[in-house]
Amino acid sequence: MKHVNVTLAQRDMSMLAPLIGGRWVFMAGEAMTPHMFSPVDVIVNTTNGAVRIVSETFDSDFEGGEDDTYARLWISDDVSSLRVARREGNVYVHHRDELIDDVLVVRDTVSAIESGETLWTLTTDVAIVFQLSGSVISIAKGSHHTEMLSVTMARGLKLLEIPDCVDEWQDDLTIRHESSRELIPLATLMADGPR
Amino acid sequence: MGGHSGGGFAAGSPRSPQAFERNASALLRRFPVNQQGLFGVPGRGSTRRLYSDDPAATARYFYDTLGRGGALRRIDRGYIRTFDDGTHVTYRPVSGSDGSPAIQITVRNPNSPLARYQKIHFMKGSDQ
């Protein structure tokens with residue numbers, strides 16, 4: 001069985017951690033749409049600093065056969081593309097001034113199973129969730145396979161919907177795909193180190 | 001559940017889900033899909049292959065037809081077109097894996113005739 005890990009690095013988490021305790025200012029993206037889809041990146045600006053949440057792709061053959069393309073989240077402190085986002089009018093101020101109480105990571109594990117045997121497993125961080133004083137905002141992969149990001153807002157964690165996108169893999173007569181999910185506070189991940 | 005990711009979709013907009021479905025209908029008139037909504041023939045693994053005399057032109061046609069009206073952004077080695085519901089089409093004239101042109105189609109509408117996700121490599125030749 002192949003097991004692939006595509007999770008945030010400690011370096012990424014160390015850029016997110018200082019945002020806790022600050023206040024939300026805005027989010028933006030070069031091509032972020034009013035429906036909250038943003039290819040490649042979303043800039044998060046807070047009173048404690050700004051980061052860019054990036055979805056980049058890589059090719060891998062872990063499923064067997066030809067390479068397919070998969071998405072990986074990482075964090076950058078380069079927010080120079082904010083200039084373009086501003087020029088394009090793609091700056092969104094929902095939930096401005098709310099306190100950032102916590103940052104959490106949504107970690108999904110997708111498995112392909114044939115006759116009870118696991119063929120491969122992909123463990124991947126699919127979303128970064130900002131728990132604000134009056135709401136939650138998640139910046140999530142809009143696909144396991146492309147650079148698309150999707151922003152979702154809700155009044156609380158229990159109301160937050162982040163699709164698992166496991167239906168991007170097609171089941172057939174012999175192979176089925178399953179997905180499981182963990183919601184992990186950033187502090188826990190940082191204390192645990194790489195899993 | 002109360003999560004949301006924006007408001008309703010303006011049906012007349014070129015970025016609307018309806019516009020994408022019109023694009024898909026136009027493409028399907030020339031390139032049929034199988035029962036699973038997949039173009040071409042199976043490659044090795046989960047990707048698809050679509051054979052033609054001019055793979056570069058065929059890939060470009062796919063991208064131009066399916067992506068028409070979608071919001072454009074450059075991505076690594078290619079382009080992405082996004083529609084209001086999050087449906088998107090990526091196009092890489094030279095893919096990182098084998099150098100062939102490649103298209104990824106990710107569809108949000110569960111009633112679309114196209115599969116939820118597919119990656120197609122455009123190859124020279126025939127699948128016969």
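**Exercise 1. Strand β5(B) and its partners**

Determine how many bridges join β5(B) to β6(B), and in which sense the two strands run.

*Solution.* In this predicted model, β5(B) and β6(B) run antiparallel and are joined by five bridges. Within this pairing, B:R92 stands opposite B:A102 of β6(B). The next step concerns β4(B), which also runs antiparallel to β5(B), through four bridges. Here B:R81 has B:V89 of β5(B) as its bridge partner. The hairpin of β4(B) and β5(B) has five residues between the strands, and B:G86 takes a positive phi near 95° in it.

**Exercise 2. The two faces of β5(B)**

State which residues of β5(B) lie on each side of the strand, and whether they are buried or exposed.

*Solution.* Begin with the general pattern: side chains in a regular strand alternate between the two faces of the sheet. One side of β5(B) carries B:H88, B:T90 and B:R92, and the other carries B:V89 and B:Y91. Residues on both sides are buried, so both faces are covered. The count for the strand is five buried residues of five.

**Exercise 3. Helix α2 of chain B**

Establish where the buried residues of α2(B) lie around its axis, and which elements they pack against.

*Solution.* First, the dimensions: α2(B) spans residues 55-67, 13 in number, and reaches 18 Å from its first C-alpha to its last, close to the 18 Å expected at 1.5 Å a residue. Second, the buried residues are B:T58, B:A59, B:F62, B:Y63, B:L66 and B:G67. Third, these cover an arc of only 135° around the axis, and therefore lie on the same side of α2(B). The general reason is that an α-helix has 3.6 residues a turn, so residues three or four places apart point the same way. Fourth, the buried residues pack against α1 (17-30), β2 (48-52), β4 (78-82), β5 (88-92), β6 (102-106) and β7 (117-124) of chain B. Just after the helix, B:G69 takes a positive phi of about 90°.

**Exercise 4. The nonpolar cores**

Identify the residues of the largest nonpolar core that touch the most other members, and the elements that each supply at least two of its residues.

*Solution.* The largest nonpolar core has 42 residues, of which A:V42, A:I53, A:A127, A:I128, A:V129 and A:I139 touch the most other members. At least two residues each come from β2 (24-28), β4 (41-46), β5 (49-60), β8 (100-114), β9 (117-132), β10 (136-141), β11 (148-154) and α3 (186-192) of chain A. Apart from this core lies another, of 22 residues, including B:A59, B:F62, B:L114 and B:Y117. Returning to chain A, and leaving aside neighbours within four places in sequence, A:I128 is in contact with A:L16, A:I53, A:V103, A:V105, A:S138 and A:I139.

**Exercise 5. An open sheet in chain A**

Give the strand order of the open sheet of five strands in chain A, and name its edge strands.

*Solution.* The order is β6-β5-β4-β2-β7, with antiparallel pairing. The edge strands are β6 and β7 (91-92), each of which pairs on one side only. Nine bridges connect β5(A) with β6(A), and A:F58 has A:Y70 of β6(A) as its bridge partner.

**Exercise 6. The contact between the chains**

Find which element supplies the largest share of the side of chain A that touches chain B.

*Solution.* In total, 38 residues of chain A are in contact with 31 of chain B. On the chain A side, β3 (37-39), β5, β6 (68-76) and β11 each supply at least two residues. The largest share, six residues, comes from β11(A). By character, this side divides into twelve nonpolar, 13 polar and 13 charged residues.

Technical notes. Residues numbered from 1 in each chain as written. Chains lettered and ligands numbered in written order. Predicted model: local features only at pLDDT ≥ 70, side-chain atom pairs only at ≥ 80, totals over all residues. Core = buried A, V, L, I, M, F, W, Y, C linked by C-beta atoms within 7 Å. Buried ≥ 20, exposed ≤ 12 C-beta atoms within 10 Å, placed from the backbone. Contact = placed C-beta atoms within 7 Å. Expected span 1.5 Å × (residues − 1). Arc of directions from axis to C-beta. Nonpolar A, V, L, I, M, F, W, Y, C, P; charged D, E, K, R; others polar. Pairing = 2+ DSSP bridges.
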